[in-house]
Amino acid sequence: MSDNCIFCKIIDGVIPSAVIYEDEIFKVILDRFPSNLGHVLILPKHHVRNIFELDEEVGAKLFSLAIRISKAMKEALQIDGLNVLQNNGEVAGQTIHHFHLHLIPRFENDKINFGWVTSEPSLEELDAVKDKIVEQIIYGEPYHK
């Protein structure tokens, strides 16, 4: 637990939350300040700052749980769609430095917009980036901190 982490305090019950699921690895809560009513956060109980520190086994279990919770949300809330969102680092919009996955229910005409400006890299630029990533996967240590 990190003493200054709001999510660690929620996990430990110091700060109350609307818990919808809990096991030995995760606590799943409703976001207190949601994008849409029903906005869910999946929190690993073990404090890790971001995806770069997340254990692969925990990550696999996290996504399995996300699928289960998403299906429950679809039925319970009659949602039209769902955004799965996860930010890493301040430049990417991370404001709380405890890994968490957002499940954001979407409804027709809900006025939420997650957009970005696209770019048009050349095929050569795409190929060069692909090569760097593949090389790192094969030969590098993929989880630098």
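**Exercise 1.** Place Ile133 in its helix and work out which nonpolar surface patch Ile133 belongs to.

*Solution.* Start with the helix: Ile133 sits in α3, residues 123–139 (helices are DSSP runs of H or I, at least four residues, numbered from the N terminus). This is a predicted model, where local features need pLDDT of at least 70, side-chain atom pairs count only at pLDDT 80 or more, and totals for chains, interfaces and linings use all residues. Residues are numbered from 1 along each chain as its sequence is written, and side-chain values use heavy atoms, with hydrogens and water left out.

Next, exposure: Ile133 has a relative accessible area of 49%, so it's partly exposed (buried is under 20%, exposed over 50%, partly exposed in between, with a 1.4 Å probe and protein chains only).

Finally, the patch: Val129, Ile133, Val134, Ile137, Ile138 and Tyr139 make up about 660 Å² of nonpolar surface (patch residues have over 30% relative accessible area and no salt bridge, and nonpolar side chains, meaning Val, Leu, Ile, Met, Phe, Trp or Tyr, are joined within 5 Å).

**Exercise 2.** Now try Ile10: is this residue buried or exposed, and what does Ile10 touch?

*Solution.* Ile10 belongs to helix α1, residues 6–11. With 8% relative accessibility, Ile10 is buried. Skip neighbours within four places in sequence, and the contacts of Ile10 are Ile15, Ser17, Lys27, Ile29 and Leu43 (heavy atoms within 4.5 Å). As for Leu43, the C-alpha atoms of Ile10 and Leu43 are 9.5 Å apart, with their positions 33 residues apart in sequence.

Terms used. Patch = residues over 30% accessible without salt bridge, like charges linked within 9 Å, V, L, I, M, F, W, Y side chains within 5 Å. Areas by Shrake-Rupley, 256 points an atom, 1.4 Å probe, with all protein chains shown as cover. Salt bridge = Lys/Arg side-chain N within 4 Å of Asp/Glu carboxyl O. Helix = DSSP H or I, 4+ residues; strand = E, 2+ residues; numbered from the N terminus.
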